[in-house]
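These are my notebook entries on what I looked up in one structure, kept in the order in which I went through the parts. I wrote them for someone who has not seen this structure before.

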Amino acid sequence: MTETHHLPDPERQPEFYADIPTKRLLAWVIDTAVILAMCLVAVVFTLGIGLLIFPALYVVLGFAYRTATIARGSATWGMQVMAIEFRQRDGQLFDLPMAALHTLGYSLSIAVFPAQIASIVMMLSTQRAQGLTDHVLGTVAINRRAGPARR
């Protein structure tokens, strides 16, 4: 993996990675509920026509939601509830291009089932609890620090 000296060290600062796989799962459940609610609103506003393209609607709205929320605060709403955030390999919060790349990687791993299984196994077995997309991009999900707002 690429150099990650600006990220918390999992051996000296394990609190940043404590319970990350569980928190990511719970955040995913929250985000899925938000995306489904957005899709249902879209179906109502399209007078039911959205039902004909519901899978595509879910993919497009989900991609937009994840990219926008991650670009805004380095976390989706579900991740914010679970007090976790993404960091780039240099320790910085995500910007729009990184949010879009991470969301693309997530979407591809969801679309290719073996990649999703590999990602889950990696989250459960690596020191930094990184999934496949995180490993490729050199990013991590960590527990947020308490204190004043960042950015």
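I began with the strands, and I found that S1 and strand S2 (residues 140–143) pair in the antiparallel sense over 4 bridges. Strands here are DSSP runs of E with at least two residues, helices are runs of H or I with at least four, and both are numbered from the N terminus; two strands pair if DSSP finds at least two bridges between them. I noted that what I was reading is a predicted model, in which local features need pLDDT of at least 70 and side-chain atom pairs count only at pLDDT 80 or more, while totals for chains, interfaces and linings use all residues. Residues are numbered from 1 along each chain as its sequence is written, and side-chain values use heavy atoms, with hydrogens and water left out.

I then asked which residue of S2 is the bridge partner of isoleucine 84. The partner is asparagine 143. In a regular strand the side chains alternate between the two faces of the sheet. In strand S1 (residues 84–87), I saw Ile84 and Phe86 pointing one way and Glu85 and Arg87 the other way, and all are buried, where buried means under 20% relative accessible area, exposed over 50% and partly exposed in between, with a 1.4 Å probe and protein chains only.

Following the chain out of S1, I looked up glutamine 88, which has its place in the loop between S1 and H4. Glutamine 88 is buried, its relative accessible area being 15%. Neighbours within four places in sequence aside, glutamine 88 is in contact (heavy atoms within 4.5 Å) with seven residues that I list in full: Leu7, Leu93, Phe94, Asp95, Met98, Gly138 and Thr139. I also noted that the C-alpha atoms of glutamine 88 and leucine 137 are separated by 8.0 Å, although the two are 49 residues apart along the chain.

Next I turned to the aromatic rings. A pair of aromatic rings is described by the distance of the centres and the angle of the planes. Rings of Phe, Tyr and Trp (its six-membered ring) pair if their centres lie within 6.5 Å, and planes under 30 degrees apart count as stacked, over 60 as edge-to-face and the rest as tilted. By this rule I have 2 aromatic pairs. For tyrosine 65 and tryptophan 77 the ring centres are 5.4 Å apart and the planes stand at 80°, so this pair is edge-to-face. The pair links distant parts of the chain, with tyrosine 65 in helix H2 (residues 54–73) and tryptophan 77 in helix H3 (residues 77–81), 12 residues apart. Tyrosine 65 is buried at a relative accessible area of 4%, whereas tryptophan 77 is partly exposed at 42%. Phenylalanine 86 and phenylalanine 94 form a stacked pair, with 5.0 Å from centre to centre and 10° between the planes, and both of these residues are buried.

Both members of the edge-to-face pair came up again when I checked aspartate 31, which lies in helix H1 (residues 20–45). Aspartate 31 touches Tyr65, Arg66, Thr76, Trp77, Gly78 and Met79, not counting residues up to four places away in sequence. Aspartate 31 counts as buried at 2% relative accessibility, and its C-alpha is 5.2 Å from that of glycine 78, a residue 47 places away in sequence.

I then looked for unusual backbone angles. Serine 74, in the loop between H2 and H3, has a phi near 65°, a positive value in a residue other than glycine. Serine 74 counts as buried, at 0% relative accessibility. Alanine 129, in the loop between H5 and H6, likewise has a positive phi, near 55°, and alanine 129 is buried with a relative accessible area of 5%.

Alanine 129 is also one of the residues touched by proline 21, together with Met123 and Leu124, when residues up to four places away in sequence are not counted. Proline 21 is found in helix H1 and is partly exposed, with a relative accessible area of 23%.

My last entry concerns threonine 133, which is found in helix H6 (residues 132–137). Is threonine 133 buried or exposed? At 12% relative accessibility, threonine 133 counts as buried. Its contacts, leaving aside neighbours within four places in sequence, are His102, Gly105, Tyr106 and Thr139.
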